[in-house]
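Hi,

Here's the structure I promised to pass along. Have a look at it first, and my notes come right after.

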Amino acid sequence: MALWFDDGLYIVESNTPVIRRTPYSQWIESVRRSSMVAWNPLTDELAERFNETAAREFFLSMEGTVYGFHNLMFGWVDTAEDNWSPLIPHHFVPILMSMTENIDEHGTEIIYTDALNKRLGVEGKNITEIAALAADQGMTVDYVSGMTEVEGWIYSGLEPKDGRAYVCSALATAIWEVAGLFDGFEINATEFTPGNAY
């Protein structure tokens, strides 16, 4: 997304490793070597409604926060069974993550178990403990995975600055929301995938 700041036009984005801004001229040179760009200008009506001051202030509050690794896997998983790739059976994911937890516990926490803990209202539980808590509540880990990511959950464990987690499309949607483009609608930006946003 392009936003004006006092010293010029910048592209603001959530892209590994952090949410950042890059001068437009520098950014455009870097993407000439990449095909991973979507440029979708606002309609005249939406451009008129867009509150750039609010958008800029929100971005500045998020700048330097790490990329949305915490909820990367969950924005596109809306149900226990229906959103997984046919190549990855939904029951396999908790098993795979349980195996990776034995190899890289911190990495598994970041990309998987922290988000499941949030969904169950607990902290610091591993996959086995999460499965037991879910079962006590009549749920499976698959069901917990499909629970909605709540925008505003604060994550920890990554440096330099952790907090609210936004992947690329979720950050763009959150900026559109604070800028007033969704007036009258309840939006949960962290649930927006690139396909939803673009």
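Below is what I found, starting with the whole chain and ending with two neighbouring spots in one strand.

First off, keep in mind that this is a predicted model. Confidence looks like this: the chain averages a pLDDT of 90, and 98% of the residues score at least 70. If you want the extremes, helix α3 (residues 52-62) comes out highest with a mean of 97, while helix α9 (residues 194-197) is lowest at 74.

On the fold, you'll find three strands and nine helices. Reading from the N terminus, the order is β-β-β-α-α-α-α-α-α-α-α-α, so to speak in one line. For overall dimensions, the C-alpha atoms fill a box of roughly 55 × 35 × 30 Å along the principal axes. The radius of gyration is 18 Å, which agrees with the value near 16 Å for a compact globule, because that is the figure that goes with 198 residues. As for contacts between residues at least 6 apart in sequence, 65% of them join residues at least 24 apart.

Now the surface and the charges. Of the 198 residues, 41% count as buried. The chain exposes about 11000 Å², with carbon and sulfur atoms supplying 54% of that area. Side-chain charges come to 30 negative and 11 positive, and the centres of the two sets sit 7 Å apart.

Then there's strand β2 (residues 8-15), which holds Glu 13 and also Val 12. Is Glu 13 buried or exposed? Its relative accessible area is 17%, and the cut-off for buried is under 20%, so Glu 13 counts as buried. Leaving aside residues up to four places away in sequence, Glu 13 touches Val 18, Ile 19, Arg 20, Thr 22, Trp 27 and Leu 171.

Val 12 is buried too, with a relative accessible area of 3%. With the same sequence neighbours (up to four places away) left out, the contacts of Val 12 are Met 1, Leu 3, Phe 5, Arg 20, Arg 21, Phe 59 and Ile 175. Arg 20 therefore turns up in the contact lists of both Glu 13 and Val 12, going by heavy atoms within 4.5 Å. One more distance for Val 12: its C-alpha atom is separated by 6.6 Å from that of Thr 22, 10 residues apart along the chain.

Cheers

Key:
Residues numbered from 1 in each chain as written. Predicted model: local features only at pLDDT ≥ 70, side-chain atom pairs only at ≥ 80, totals over all residues. Heavy atoms only, no water. Helix = DSSP H or I, 4+ residues; strand = E, 2+ residues; numbered from the N terminus. Rg over C-alpha atoms; globule rule 2.2 N^0.38 Å. Buried < 20%, exposed > 50% of the residue type's maximum accessible area, 1.4 Å probe, protein only. Areas by Shrake-Rupley, 256 points an atom, 1.4 Å probe, with all protein chains shown as cover. Lys, Arg positive; Asp, Glu negative; His and termini not counted. Charge placed at Lys NZ, Arg CZ, Asp CG, Glu CD. pLDDT = per-residue confidence, 0-100.
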